[in-house]
Amino acid sequence: MTARQHDSSVYEEIQAGEQFQELKRRFRAWAFPMTAAFLGWYLLYVVLSGWARDFMGTKVLGNINVALIFGLLQFVSTFGIAWAYSRFAEKKLDPLADEIRHQAEGKTE
Amino acid sequence: MSTAYGVTAVVLVVLAAVLIGAFGIRLSRTTSDFYVASRTVSPLWNASAIGGEYLSAASFLGVAGLILTYGADMLWLPVGWTGGYLVLLVLVSAPLRRSGAYTLPDFAEARLESMAVRRMAGVLVVLIGWLYLMPQFQSAGLVLRAITGAPEWAGGLLVAAVVAVNVMSGGMRSITFVQAFQYWLKLTALAVPLAFLLLAWRSGGAPGLSERDVATWALPLSSGREYGLYSTYSLILATFLGTMGLPHVLVRFYTNPDGRAARRTTLVVLSLLGAFYLLPAVYGALGRIYVPELEGSDTVVLTLPGRLIGGVAGDLLTALVTAGAFAAFLSTSSGLTVSVAGVIGQDILKGGVRSFRAAAVLAVIVPLGLAALARSLPVADVVGLAFAVAASSFCPLLVLGIWWRRLTPAGAMAGLLVGGGLACGAVLMTIGGGPYPGLLGAMLAQPAAWTVPIAFLVMVLVSLLTPGRIPPNVARTMVRLHTPEILDLDRGDWRPRSS
């Protein structure tokens, strides 16, 4: 099923194809804003630490302050985003990739 | 403190490493190829192996020491070291896996079709590897001296010798389960003593932080460090963007059968790293309460069990922590040495088995010498510098290489030279002399915030100035990078060369 070396038209066709463009579009539409969002979330912590000290120093329980809880949430959110990506890829990317694969196989046979 | 237990712990770990290395030769022959063999490994094992190789002396000893000294600011190190995997997962891992390149120089050659860029990438891999190895050896010296009173060079020499012998025999790395075991050993070696420490802390009336510490130490950006905001931003950039450029991290991503397994593995890695990094933070806080005099040193993790518990139980727990520390030195150093020796042997020497052996010796001797010469800095700070160099060189190469068609070899070369060069210069000044005062000092100690943007800028500008030099096969490479790997297409004739 492998396309032969000189037969470059198959992947040019795929790349020009609507579905492949859609696959790339879906990935970019998710990954780039998400990267910006999570970097923003981490930077927010730093900004709050710099300019909202009283808020960050508010004690919630015993010696545990808001800053500490936010710090722990950083770990949780890192994991949460990775999980969300995994879900997104399995639901939105993999099925489309499967479809493209079936069509490509049909063409090279 | 009795030295017998500590010595026994070190001897046991070193012996185990040597034996596994020796028997690993046989095992690795049956599993003919590391890359192929480990593609059948389950995500949990694979993730444990990634964690085992990744958690170095900096994570095991350094983070607790820095948290004790600087307080909440330093929680950024573990958050960044974990978050770097997220950036790697979302932006880089899948296209890189599809490229078929196993190492960073392989990727540079495949994407840019230029041997010059490949060699430059090789040089940077070696520099980053050395910079990462040096503090591992320094910490080994520190720990061995604390346990036995041996001179400081002895511990580093011991670790370097064991790693060199192991890498030359080819055993250590090929076995994913050894690295996986190392993760669980390190976790146990921190978690079990911590449980006892917390019991002792409770029965001692659960003393809290001093009033002054509650107001400053426990709050981010208030420990009175100059330019704390700049340093924190810079640290975040270095750790988030540097992880993808570490030579021993990327190669582990190939040990997944497909993208789906790679994503699952990353999820498990994130939880394993997150679970691990909670422990040094608690050590740091306990250290602040009980041994505040250890400010500025890396030994808090080793000191606490003896101080709080004492007696035979304290000695045994100290021995356990020591064993974990040596496991950390050995596992990380092995992974790095393999990567560095691979590049030296293949791209600088002639290639082949004899070159690889000479390269393995070279890979450990240089950082061993550096460890003796360099100013003694906190281990996590030096590792942070290695991340900064990686973020200022390989991050732009990977991100632009994967997502931007118009990258040219000249642009890549200029970006690597300028970004990597500036970061390396700052690093050399920081570990060679200093500390320097004022903003300049902060910029040299945490260079990523200015070197990363410069590297991106130079790479883009020089590429735009040399539009005629876009690699001829860029269209095919890009399809290869962005087509789902289940697509059974011809992905071009480029294959990673075998060493």
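**Exercise 1. Leu237(B) and the nonpolar core**

Leaving aside neighbours within four places in sequence, with which residues is Leu237(B) in contact? Place the residue in the largest nonpolar core of this predicted model.

*Solution.*
Step 1. Once neighbours within four places in sequence are set aside, the contacts of Leu237(B) are Ala391(B), Ala448(B), Ala449(B) and Val452(B).
Step 2. The largest nonpolar core has 178 residues, and those touching the most other members are Ile128(B), Leu131(B), Leu237(B), Val389(B) and Ala391(B). Helix α7 of chain B, residues 115-148, supplies the largest share of this core, namely 20 residues.
Step 3. Leu237(B) and Ala391(B) both appear in that group of core residues, and they are also in contact with each other.
Step 4. As general background, nonpolar side chains tend to be buried together in soluble globular proteins.

**Exercise 2. Two chains in outline**

Describe chain A and chain B by secondary structure, burial and contact separation.

*Solution.*
Step 1. Chain B contains 21 helices and zero strands. Chain A contains four helices and two strands, arranged along the sequence as α-α-α-β-β-α.
Step 2. In chain B, 59% of the 499 residues count as buried. In chain A, buried residues make up 20% of 109.
Step 3. Consider contacts with a sequence separation of 6 or more. Residues 24 or more positions apart account for 81% of these in chain B and for 61% in chain A.

**Exercise 3. The environment of Leu23(A)**

Is Leu23(A) buried or exposed, and which residues does it touch beyond four places in sequence?

*Solution.*
Step 1. Leu23(A) belongs to helix α2 of chain A, which spans residues 18-51.
Step 2. Leu23(A) has 21 C-beta neighbours inside 10 Å. The threshold for a buried residue is 20 or more, so Leu23(A) counts as buried.
Step 3. Beyond four places in sequence, Leu23(A) touches Leu93(A), Leu96(A), Ala97(A) and Ile100(A).
Step 4. For Ala82(A), 59 residues from Leu23(A) along the chain, the separation of the two C-alpha atoms is 19 Å.

**Exercise 4. Helix α5(B) and two partners**

Characterise the packing of α5(B) with α17(B) and with α2(A).

*Solution.*
Step 1. A pair of packed helices is described by the angle between the axes and the distance between them.
Step 2. The axes of α5(B), residues 76-99, and α17(B), residues 379-403, come within 12 Å and cross at roughly 20°. The pair is therefore roughly parallel, and its crossing is left-handed.
Step 3. From α5(B), Leu77(B), Leu91(B), Val92(B) and Pro95(B) meet Ala380(B), Gly384(B), Leu398(B), Val399(B) and Ile402(B) of α17(B). By class, the contact of α5(B) with α17(B) comprises eight nonpolar residues, one polar and no charged.
Step 4. The axes of α2(A) and α5(B) come within 10 Å, with a crossing angle of roughly 165°. These two helices are therefore roughly antiparallel, and their crossing is left-handed.
Step 5. Ala31(A), Met34(A), Thr35(A) and Tyr42(A) of α2(A) meet Gly83(B), Val90(B) and Leu91(B) of α5(B). The contact of α2(A) with α5(B) has five nonpolar residues, two polar and no charged.
Step 6. Leu91(B) takes part in the contact with α17(B) and in the contact with α2(A).

**Exercise 5. Backbone at Glu113(B)**

What is the sign of phi at Glu113(B), and where does this residue lie?

*Solution.*
Step 1. Most residues other than glycine have a negative phi.
Step 2. Glu113(B), although not a glycine, has a positive phi of about 50°.
Step 3. Glu113(B) is located in the loop between α6 (104-112) and α7 of chain B.
Step 4. Glu113(B) counts as partly exposed because it has 17 C-beta neighbours inside 10 Å.

Terms used:
Residues numbered from 1 in each chain as written. Chains lettered and ligands numbered in written order. Predicted model: local features only at pLDDT ≥ 70, side-chain atom pairs only at ≥ 80, totals over all residues. Buried ≥ 20, exposed ≤ 12 C-beta atoms within 10 Å, placed from the backbone. Contact = placed C-beta atoms within 7 Å. Core = buried A, V, L, I, M, F, W, Y, C linked by C-beta atoms within 7 Å. Axes fitted to C-alpha atoms, helices over the stretch in contact; angles between N-to-C directions. Parallel < 35°, antiparallel > 145°, perpendicular 65-115°, else oblique. Left-handed = near helix turned anticlockwise from the far one by under 90°. Nonpolar A, V, L, I, M, F, W, Y, C, P; charged D, E, K, R; others polar.
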